[in-house]
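Colleague: I would like a close look at a single part of this model, and then an account of how that part sits within its surroundings. Please take the time to connect the local picture with the chains as a whole.

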Amino acid sequence: MTINQAKNGSKLTVALEGRLDTTTAPQLEEVVHTALDGVTDLEFNFAQLEYVSSAGLRVLLAAQKIMNKQGSMIIHNASSNLMDIFEVTGFSDILTIE
Amino acid sequence: MKVLKVPASDDRLYEVQDFVNAELEENDCPMATQFLIEVSLEELFVNISHYAYPEGNGWTEIHVGVEGGVMELTLIDGGIPFDPLAKPDPDVTLLAEDRQIGGLGIYMVKQKMDDIEYERKDGKNVLTIRKKLA
């Protein structure tokens, strides 16, 4: 998985490319735990994200909990495969997906 | 049925998924179905690699086949008895703050596969999922 971050003031955009799974989720966890200080506006771009499993959901939930305290988090461009996973797990109700 | 035996270790995940994907592609599995099977396989395989062998150094055997348009996938391990179906389903309606992530993987498998069965047989955990391919 490739993670591309772009920061503009208190806005952070994180684009994920590839697979967010058991073996790659720790990479995103690292970003969530180190890059969100002072961020009020977190945007994920999932246009190039092909796959997500529960290991990835766990990290997205952690990010959402942090952003609930300090701002907002939005997910863009999730594929229909990813939407299927978000919907069956009820994550479509706790994440903001546009 | 094709069979692959690997160490029960996360770093074998892609090898296991490639093995099953090859069988699905040979049987013209629709992409969306293949994706769901791939995620289900990860959840089951990783469950074994994380919990079946508390002492470490275990194995998992993966059996996959397609017959009459139905894929059957079985994971076998020689670890401690563990029935993933015995756990209650997580509440998927809770707010983010109250969400528990444990059990979510198995819940997805139960929701997205047509059939899931667990058996403790000859000192082994035997877990089978089935999914109609079209």
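Modeller: I begin with N21(B), which counts as partly exposed because 17 C-beta neighbours lie inside 10 Å, a number that falls short of the 20 or more required of a buried residue. The model is a predicted one, and this should be kept in mind throughout; chain B averages a pLDDT of 96, with 100% of the residues scoring at least 70, while the model as a whole scores ipTM 0.95 and pTM 0.96.

N21(B) belongs to helix α1 of chain B, which covers residues 13-26. Leaving aside residues up to four places away in sequence, N21(B) touches Q34(B) and E38(B). Both fall within the range of α2(B), residues 31-51. As for E42(B), it is 21 residues from N21(B) in sequence, and the two are 12 Å apart in space, C-alpha to C-alpha. The general geometry of a helix is useful here: an α-helix has 3.6 residues a turn, so residues three or four places apart point the same way.

The helix α2(B) deserves a description of its own. At 1.5 Å a residue, its 21 residues should span 30 Å, and the end C-alpha atoms are indeed 30 Å apart, so the expected and modelled values agree. Of these 21 residues, 16 are buried, and α2(B) is therefore largely enclosed by the rest of the structure. The largest nonpolar core, which has 57 residues, has V20(B) and F45(B) as the members with the most contacts inside it, and the largest share of this core, 9 residues, is supplied by α2(B). F45(B) touches L13(B), V16(B), T60(B) and L75(B), again not counting residues up to four places away in sequence.

α2(B) also takes part in the surroundings of another helix, α3 of chain B, since it is one of the elements against which the buried residues of α3(B) pack. That helix, residues 104-112, is mostly covered, with 7 of its 9 residues buried, namely L104(B), G105(B), I106(B), Y107(B), M108(B), V109(B) and K112(B). Besides α2(B), their packing partners in chain B are β4 (115-121) and β5 (124-132), and from chain A they include α2 (54-70) and α3 (80-88).

This leads to the contact of the two chains, which takes 17 residues from chain A and 20 residues from chain B. On the side of chain A that touches chain B, α2 and α3 of chain A each supply at least two residues, and the largest share, 7 residues, comes from α2(A). By class, that side of chain A has 5 nonpolar, 9 polar and 3 charged residues.

Chain A itself comes to 4 helices and 4 strands, and from the N terminus on its elements run β-β-α-β-α-β-α-α. Its radius of gyration is 12 Å, close to the 13 Å that the globule rule gives for 98 residues, so chain A is as compact as a globular protein of that length. The C-alpha trace of chain A spans about 30 × 25 × 20 Å along its principal axes, and buried residues make up 39% of its 98 residues. Of the contacts in chain A with a separation of 6 or more, 70% are between residues 24 or more positions apart.

Conventions: Residues numbered from 1 in each chain as written. Chains lettered and ligands numbered in written order. Predicted model: local features only at pLDDT ≥ 70, side-chain atom pairs only at ≥ 80, totals over all residues. Buried ≥ 20, exposed ≤ 12 C-beta atoms within 10 Å, placed from the backbone. Contact = placed C-beta atoms within 7 Å. Core = buried A, V, L, I, M, F, W, Y, C linked by C-beta atoms within 7 Å. Nonpolar A, V, L, I, M, F, W, Y, C, P; charged D, E, K, R; others polar. Expected span 1.5 Å × (residues − 1). pLDDT = per-residue confidence, 0-100. Rg over C-alpha atoms; globule rule 2.2 N^0.38 Å.
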